[in-house]
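Trainee: I would like to go through this structure and test each label against its criterion. Can we start with a loop and work outward?

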Amino acid sequence: MSSETTVRRIPAPLINPEAQPFFQATAEGRLLYKRCEACGQPHHPPRSICPHCHSDRTKWETTAGLGTVYSASMLRRGVPVPYCVAYVTLDEGVTLMTDLMGFGNSTPAVGTRVQVRFVEAEGGAKVPMFGPLEAK
Amino acid sequence: MNKNERACIVGAYEHPTRHAPDKSVAQLHAEVARGALQDAGLDASDVDGYFCAGDAPGLGPLSMVDYLGLKPRYVESTDTGGSSYLIHVRHAAQAIEAGHCNVALVTLAGRPRSEGSSGTQARAYNIMAPEAPFESPFGLVPINSYAMAAQRHMHEFGTTAEQLAWIKVTASHHAQHNPNAMLRDVVTVQDVLASPLIADPLHRMECCVVSDGGGAVIVARPEIARKLKRPVVRLIGGGEAVGYVDSAKIDITTSAAKHSGAAAFAEAGVRPGDIRYASIYDSFTITVLIQLEDLGFCEKGQGGRFVADGRLVAGQSGLAINTDGGGLCNNHPANRGGMTKIIEAVRQLRGEAHPTVQVKDCALALAQGTGGMLGSRHASATLIMERA
């Protein structure tokens, strides 16, 4: 009973048709982002029309899943289980909102190197979260 | 036409309640509408423009126009969260200038305290909101969004927890003089830092109050304003902007206030150094610090030094902020602090703030609002007003 109540509930991502390929990839253990072939810039969340130049030539790319904490904050009160929301800037140059895990009770410092993990949310979809670098 | 003759704020009213479990939201809207009209010396039949945002029950303005028995020829329900009401005042002035209405009523009311709302609750995502699949699993709530902005500001500029705490201390020094304020006890930096950490690095005392109630303002044509018995407050500048995270070059230490503020100062033809009183949106301490920088009251990164040591307490320097106690101590009705920001600026310009915190000969004031979430999508609105 007590262990049940300490498991964090991860809400199911509300997947729309445009987001479908991203979550197909996470189910297979790959993290995708989009880059525009017209202007060369990456973006996230993924869109069919580039938010930088409005070209429709956006294509999916796969990340190596490594990045750096841009900012993070452990929410400690008012929730059943504390968790740490973050922005992580991937080595490919795009920043995404995520959660950090595996850092105990502290908020990792800005600049901490992190690696993606795929965590099952309610409903079975896998969402990308980030933890300490895994040993090679 | 003289730009300073566009529109005036002729009525302002803040509901005295902070807890209204036995009232409806529509009832609170009606009470603040009545209060602002009485303050102006106008009747509901004079109102020909009506503005409300997402706190108003019903579809846009429809239910409230019906409930209040209004006959508007101009309505608007732009919703940018807590900054909506500053945008409404600006748009009301534009509508008046264009001849679309003469007397515009703007109302805000809500009961989040009675309904058990808090800043650690997840927001409800619309299933088709484009960000929903990429944010809803991660638990972004108001406080951890602002906390990430604070964390990054500390990293980039060396801002300290003590400096942020001074913003709350300043608010508490003002709130002690406001009999309606929710939190009237003066607190110290040590008190703030000893309160529980909610979301690193923000403590409980760095969060605004959750209060029931509301407020309203009336914007009118200058010819009408001059016939009324109240001091005339002119809107001389305004600006609005939307900010979001550019995933290709993220920066959450600068807000859209940089753009709304620049537009407002350019339109008003004044500079930050000319402003003696400013209402600065204070959902959290960090909100104030970032907006002060973005509005140009100090350099980017210098906000910590600017707010420290009680400099912004009335009478301590050339600038006073949030002399009603702000959202941090006085009132944050409907979880939307924009309306109370306008109201205290009007009080200051009329010379009707509490005597202890009244800025001497206050001729120019600024009101600044931020809606949404500072570390994410947000809207900023800036108003600059002048005593005629």
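Mentor: Start with Pro45(A). It sits in the loop between strand 2 (42–43) and strand 3 (58–62) of chain A. Keep in mind that this is a predicted model.

Trainee: What makes the peptide bond between His44(A) and Pro45(A) cis?

Mentor: Look at omega. It is about -5 degrees, and the bond joining His44(A) and Pro45(A) is cis. Chain B has a cis peptide bond between Asp200(B) and Pro201(B), with omega about 5 degrees. Pro201(B) is in the loop between strand 5 (197–199) and strand 6 (202–203) of chain B.

Trainee: Which elements make up chain A?

Mentor: Two helices and eight strands. From the N terminus the order is α-α-β-β-β-β-β-β-β-β.

Trainee: Why is chain A called as compact as a globular protein of its length?

Mentor: Set its radius of gyration against the globule rule. The radius is 16 Å, and the rule gives 14 Å for 136 residues; the values are close, so the label holds. The C-alpha atoms fill a box of roughly 50 × 30 × 30 Å along the principal axes.

Trainee: And what does chain B contain?

Mentor: Chain B has 13 helices and twelve strands. Its radius of gyration is 19 Å, close to the 21 Å from the globule rule for 388 residues, so chain B is also as compact as a globular protein of that length. Its C-alpha trace spans about 55 × 50 × 40 Å along the principal axes.

Trainee: How much of each chain counts as buried?

Mentor: In chain B, 63% of the 388 residues. In chain A, 46% of the 136 residues.

Trainee: What share of the contacts in each chain joins residues 24 or more positions apart?

Mentor: Take contacts with a separation of 6 or more. In chain B, 76% of them are between residues 24 or more positions apart. In chain A, the share is 50%.

Trainee: Why is Gly213(B) called buried?

Mentor: The cut-off is under 20% relative accessible area. Gly213(B) has 0%, so it counts as buried. This glycine lies in strand 7 (residues 213–220) of chain B.

Trainee: Which residues does Gly213(B) touch?

Mentor: Leaving aside residues up to four places away in sequence, its contacts are His15(B), Thr17(B), Leu28(B), Leu108(B), Ala109(B), Gly110(B) and Pro333(B). Take Thr17(B): 196 residues separate it from Gly213(B) in sequence, yet the C-alpha atoms are 5.6 Å apart.

Trainee: Why is Pro82(A) called partly exposed?

Mentor: Partly exposed runs between the 20% and 50% cut-offs. Pro82(A) has a relative accessible area of 39%, so it falls in that range. Its place is the loop between strand 4 (66–75) and strand 5 (83–90) of chain A. Beyond residues up to four places away in sequence, Pro82(A) touches Met74(A), Leu75(A) and Arg76(A).

Trainee: How do you know that helix 5 of chain B is largely enclosed by the rest of the structure?

Mentor: Count its buried residues. Twelve of the 16 are buried, so the helix is largely enclosed. Among them are Ile143(B), Tyr146(B), Arg152(B) and Met154(B).

Trainee: How does the span of helix 5 of chain B compare with the expected value?

Mentor: Helix 5 (residues 142–157) reaches 23 Å from its first C-alpha to its last, close to the 22 Å expected at 1.5 Å a residue. Gly158(B) follows, with a positive phi near 75 degrees.

Trainee: What makes helix 13 of chain B mostly covered?

Mentor: Twelve of its 13 residues are buried. They include Met339(B), Lys341(B), Glu344(B) and Leu349(B). Helix 13 (residues 338–350) reaches 19 Å, close to the 18 Å expected. Gly351(B) comes after helix 13, and its phi is positive, near 75 degrees.

Trainee: What is notable about phi of Asn335(B)?

Mentor: Phi is positive, about 60 degrees, although Asn335(B) is not a glycine. Asn335(B) lies in the loop between helix 12 (326–330) and helix 13 of chain B. At 35% relative accessibility, Asn335(B) counts as partly exposed.

Trainee: Why is Asp361(B) called exposed?

Mentor: Exposed means over 50%. Asp361(B) has a relative accessible area of 58%, so it qualifies. Its phi is also positive, near 50 degrees, in a residue other than glycine. Asp361(B) is in the loop between helix 13 and strand 11 (364–372) of chain B.

Note on methods:
Residues numbered from 1 in each chain as written. Chains lettered and ligands numbered in written order. Predicted model: local features only at pLDDT ≥ 70, side-chain atom pairs only at ≥ 80, totals over all residues. Heavy atoms only, no water. Helix = DSSP H or I, 4+ residues; strand = E, 2+ residues; numbered from the N terminus. Rg over C-alpha atoms; globule rule 2.2 N^0.38 Å. Buried < 20%, exposed > 50% of the residue type's maximum accessible area, 1.4 Å probe, protein only. Contact = heavy atoms within 4.5 Å. Expected span 1.5 Å × (residues − 1).
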